[in-house]
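The following note is offered to a colleague who is meeting this structure for the first time. Please read the numbered points with the sequence and the model in view.

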Amino acid sequence: MEKHRGEIVEEIFRKSGYSLSRLAKDMMISRNTVYNRFKDPNLSLDFIQELGDIIRYDFAQVFPEIEKDPAEEKQRYVRRQVADFLALEGKHVRLMERYDSLMSFLLQLSNKNDLNTLRQEILEFLEENRKEIKFLGAR
């Protein structure tokens, strides 16, 4: 009896804890398309490998027909690392933007309420940490 690839992949995917919405977004397809692919008994090995790369699961364990090309494996590993780095970089930039907004807000608040001590402490903090803050990407 032939394996129903879609059902096997869906079961492994569900156990991974990865969100279906996030998977669809990462694969640049709709959620409905993902559901439809899971219904396919002859799900393509390319799709299975792509999904495995995203959820970090080696489907070659389940589907020995997936050929492992060392050069391709290395390329997929590098793509995952680059994607992880870019995601982390995006989080870092958003965090630095929020930090910058917070500092601006605190300075405005201290100016508005004539809180000279707070204003001075904020300015001293910013000056002491200026090099590190610039290194991290703040304005």
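1. In this predicted model, the axes of helices H1 and H4 approach to within 11 Å and cross at roughly 5 degrees. Angles under 35 degrees count as roughly parallel, so H1 is described as roughly parallel to H4. On the H1 side the contact is formed by Arg5, Val9, Phe13 and Ser16, and on the H4 side by Leu45, Ile48, Leu51 and Ile55. By character, these residues comprise six nonpolar, one polar and one charged.

2. The largest nonpolar core contains 21 residues, and those with the most contacts inside it are Val9, Phe13, Leu23, Leu51 and Phe59. Two or more residues are given to this core by each of helix H1 (5-16), helix H2 (20-27), helix H3 (31-38) and helix H4 (45-55). H4 supplies the largest share, five residues.

3. Val9 deserves separate mention. With its neighbours within four places in sequence left aside, Val9 is in contact with Phe38, Leu43, Ile48, Leu51, Phe59 and Phe63.

4. Helix H5 covers residues 70-112, which is 43 residues. At 1.5 Å a residue H5 should span 63 Å, and the end C-alpha atoms are 63 Å apart, so the expected and computed spans agree.

5. Which residues of H5 are buried? They are Arg76, Gly90, Met96, Asp100, Met103 and Ser110. After H5 comes Asp114, whose phi is positive, near 50 degrees.

Terms used
Residues numbered from 1 in each chain as written. Predicted model: local features only at pLDDT ≥ 70, side-chain atom pairs only at ≥ 80, totals over all residues. Heavy atoms only, no water. Helix = DSSP H or I, 4+ residues; strand = E, 2+ residues; numbered from the N terminus. Expected span 1.5 Å × (residues − 1). Buried < 20%, exposed > 50% of the residue type's maximum accessible area, 1.4 Å probe, protein only. Core = buried A, V, L, I, M, F, W, Y, C linked by side-chain atoms within 4.5 Å. Contact = heavy atoms within 4.5 Å. Axes fitted to C-alpha atoms, helices over the stretch in contact; angles between N-to-C directions. Parallel < 35°, antiparallel > 145°, perpendicular 65-115°, else oblique. Nonpolar A, V, L, I, M, F, W, Y, C, P; charged D, E, K, R; others polar.
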